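Here are my notes after a first pass through the model. I've kept them as numbered points so you can follow along in the viewer.

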Amino acid sequence: MTDKKISISYIEYDCPEQMSGPDRKLAEAAVKAAGNAYTPYSHFNVGAAVRLSNGEIVTGANQENMAFPSGLCAERTAMFYAAAHYPDAAMEAIAIAAIQNGKLCPIPATPCGACRQVMAEYQSRSGRPMEIIMAGAEKIWKFSKVDDILPLIFDSLK
Ligand code: THU
């Protein structure tokens, strides 16, 4: 028997100005996209922005539905849009931001497990790491690849 440990590293910024220009732009796009969320049930507005290898930025926002499972998270609306429109472009980075009661959440909103699995698949498809930026009003976290937020990614179906 062996005790094993998985550790991850990430960057924490205290304000957007500490980020690179492209990352700041992506985080701003995610905040803006949250304005298009349709959330009559949770009132939790999430925006996501994906930076593609072709230079495009595509955004998404969570869309809820009276039949709850029929809704979709912001991250997946953005990634599915990106894959549907630009299938050959790698998703280099995704930024996520959540707005509650009209304010950007102080601590970053973190993607749900299903969205992480979808990120993993597109990362694997492109063969290039997808960076993840989780933008909060007081802290911003940046992870350099999906593996860091989804250890032991399911990829056994080959
Ligand atoms: N939500 C997202 O859009 N992204 C996440 O990563 C977590 C949750 C949405 C789903 C639902 O519309 C609302 O937030 C509350 O769960």
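1. Let's start with the cysteines, keeping in mind that this is a predicted model. The sulfur of Cys-105 sits 14 Å from the closest cysteine sulfur, which belongs to Cys-73, and that is too far for a bond. As for its surroundings, Cys-105 is buried, at 12% relative accessible area.

2. What about Cys-115 and the sulfur of Cys-112, 3.7 Å away? That is the nearest cysteine sulfur to Cys-115, yet Cys-115 is in no disulfide, because the two sulfurs of a disulfide have to be within 2.5 Å. Cys-115 is also buried, with a relative accessibility of 0%. Searching the whole structure turns up 0 disulfides.

3. Now the ligand. Two of the cysteines named above, Cys-73 and Cys-112, are among the residues around it. Ser-42, Phe-44, Val-46, Asn-62, Glu-64, Ala-74, Glu-75, Thr-110 and Pro-111 are in that shell too. By type, the shell residues split into 6 nonpolar, 3 polar and 2 charged. Strand β2 (44-52) and helix α2 (74-85) each contribute at least two of the shell residues.

4. Which atoms come up against the ligand's oxygens? The side chain of Asn-62 has an N or O atom 2.9 Å from a ligand oxygen, and the side chain of Glu-75 has one at 2.6 Å. With Ala-74 it's a backbone N or O atom, 2.9 Å from an oxygen of the ligand. On its own the ligand has 380 Å² of accessible area, and the protein covers 73% of that.

5. On to the aromatics: the structure has 4 aromatic pairs. In one of them, Tyr-41 and Phe-68, the ring centres are 5.5 Å apart and the planes meet at 55°, so the pair is tilted. These two are 27 residues apart, with Tyr-41 in the loop between α1 (21-33) and β2, and Phe-68 in the loop between β3 (57-61) and α2, so the pair links distant parts of the chain. Tyr-41 is partly exposed at 36% relative accessible area, whereas Phe-68 is exposed at 60%.

6. Phe-80 and Tyr-122 make an edge-to-face pair, with 6.4 Å between centres and 75° between planes. This pair also ties together distant parts of the chain, 42 residues apart: Phe-80 belongs to helix α2 and Tyr-122 to helix α3 (residues 113-126). Phe-80 is partly exposed, at 36% relative accessible area, while Tyr-122 is buried at 16%.

7. One last aromatic group to look up: Tyr-10, Trp-141 and Phe-143 come together as one cluster.

Key. Residues are numbered from 1 along each chain as its sequence is written. This is a predicted model: local features need pLDDT of at least 70, side-chain atom pairs count only at pLDDT 80 or more; totals for chains, interfaces and linings use all residues. Side-chain values use heavy atoms; hydrogens and water are left out. Buried means under 20% relative accessible area, exposed over 50%, partly exposed in between (1.4 Å probe, protein chains only). A residue is near a molecule or strand if one of its heavy atoms lies within 4 Å of it. A polar contact is a pair of N or O atoms within 3.5 Å; within protein, one must be able to donate a hydrogen and the other to accept it, and residues adjacent in sequence count only if both atoms are side-chain atoms. Accessible areas come from the Shrake-Rupley method with a 1.4 Å probe; for residues, only the protein chains shown count as cover. Helices (H or I, at least four residues) and strands (E, at least two) are DSSP runs, numbered from the N terminus. Ala, Val, Leu, Ile, Met, Phe, Trp, Tyr, Cys and Pro count as nonpolar, Asp, Glu, Lys and Arg as charged, and the others, Gly among them, as polar. Rings of Phe, Tyr and Trp (its six-membered ring) pair if their centres lie within 6.5 Å; planes under 30 degrees apart count as stacked, over 60 as edge-to-face and the rest as tilted.
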